[in-house]
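Thank you for making time this morning. I would like to walk you through one structure, going slowly enough that anyone who has not seen it before can follow along on the screen.

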Amino acid sequence: MPAEFHALNRYKYMWIYVMFDLPTNTRKQRKDAADFRKTLVKDGFSMLQYSVYIRHCASYANTEVHIKRVKQAVPGEGIVSVLRITDRQFEDICTFVGRKSQPPPAAPAQLELF
């Protein structure tokens with residue numbers, strides 16, 4: 001395939017980051033936070049850090065669907081932020097664990113059907 005075809009695809013595919021700070025002082029708050037995390041995982045998100053989850057999407061329109069689901073699952077208290085980036089931007093992320101560098105997680109190998 002031509003190089004420009006691959007370059008265009010890197011800008012078409014998207015990643016969604018969901019970052020949150022939810023209170024966990026009471027039993028209900030802990031349950032709400034756990035339910036929110038479970039909802040993210042059920043919708044195909046993976047935990048990057050404790051309060052940061054990511055999901056690969058096939059298009060910008062597909063990100064809209066998942067962002068609406070996140071919005072519906074937001075608990076009554078706390079802060080939830082959503083960041084949308086292209087696959088090309090995701091490719092440039094540097095992750096450091098201790099002093100060693102690790103590449104970002106690979107994009108899913110299978111085609112998403114929705």
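Let me begin with a contact between charged side chains, and please keep in mind throughout that this is a predicted model. Arg-69 and Asp-43 form a salt bridge, in which the closest N and O atoms are 2.7 Å apart. Arg-69 lies in helix α3 while Asp-43 sits in the loop between α2 and β2, so this pair ties together parts of the chain that are 26 residues apart in sequence. The two partners also differ in their surroundings, because Arg-69, with a relative accessible area of 41%, is partly exposed, whereas Asp-43, at 13% relative accessibility, counts as buried.

How many salt bridges does a search of the whole structure find? The search finds 6, and I will mention a few others. Within helix α2, the side chains of Asp-35 and Lys-31 meet in a salt bridge, at 2.7 Å from N to O. Asp-35 and Lys-31 are 4 residues apart in that helix, which means that about one helical turn separates them. As a reminder, an α-helix has 3.6 residues a turn, so residues three or four places apart point the same way. Asp-35 itself counts as partly exposed, at 29% relative accessibility. Further along the chain, Arg-88 forms a salt bridge with Asp-92, the closest N and O atoms being 2.8 Å apart, and Arg-88, with a relative accessible area of 22%, is partly exposed. If we add Glu-91 to that picture, Arg-88, Glu-91 and Asp-92 are linked in a network of salt bridges.

Let me now return to helix α3, the home of Arg-69. This helix runs over residues 60-73, which makes 14 residues, and reaches 20 Å from its first C-alpha to its last, close to the 20 Å expected at 1.5 Å a residue. Which residues of α3 are buried? They are Asn-62, Thr-63, His-66 and Val-70, and because these cover an arc of only 100° around the axis, they are on the same side of α3. On the other side of the helix, Ala-61, Lys-68, Lys-71 and Gln-72 are exposed. As for what covers the buried residues of α3, the list includes strands β1 (14-21), β3 (52-57) and β4 (79-86), together with helix α2 (27-42).

Some of those elements come up again when we turn to the aromatic side chains, where the structure holds 4 pairs. In one of them, the ring centres of Phe-20 and Phe-36 are 5.1 Å apart and the planes stand at 85°, so the pair is edge-to-face. This pair links distant parts of the chain, since Phe-20 belongs to strand β1 and Phe-36 to helix α2, 16 residues apart. Phe-36 counts as buried, at 1% relative accessibility, and Phe-20 is buried as well, with a relative accessible area of 6%.

Phe-20 has another aromatic partner, Tyr-53, and here the pair is stacked, at 5.8 Å centre to centre with 25° between the planes. Once more distant parts of the chain are linked, with Phe-20 in strand β1 and Tyr-53 in strand β3, 33 residues apart, and Tyr-53, like Phe-20, is buried. Finally, Trp-15, Tyr-17 and Phe-90 form one aromatic cluster, and with that I am happy to take your questions.

Methods: Residues are numbered from 1 along each chain as its sequence is written. This is a predicted model: local features need pLDDT of at least 70, side-chain atom pairs count only at pLDDT 80 or more; totals for chains, interfaces and linings use all residues. Side-chain values use heavy atoms; hydrogens and water are left out. Helices (H or I, at least four residues) and strands (E, at least two) are DSSP runs, numbered from the N terminus. The expected span of a helix is 1.5 Å times one less than its number of residues. Buried means under 20% relative accessible area, exposed over 50%, partly exposed in between (1.4 Å probe, protein chains only). The arc is that of the directions from the helix axis to the C-beta atoms. Contact means heavy atoms within 4.5 Å. Rings of Phe, Tyr and Trp (its six-membered ring) pair if their centres lie within 6.5 Å; planes under 30 degrees apart count as stacked, over 60 as edge-to-face and the rest as tilted. A salt bridge is a side-chain nitrogen of Lys or Arg within 4 Å of a carboxyl oxygen of Asp or Glu.
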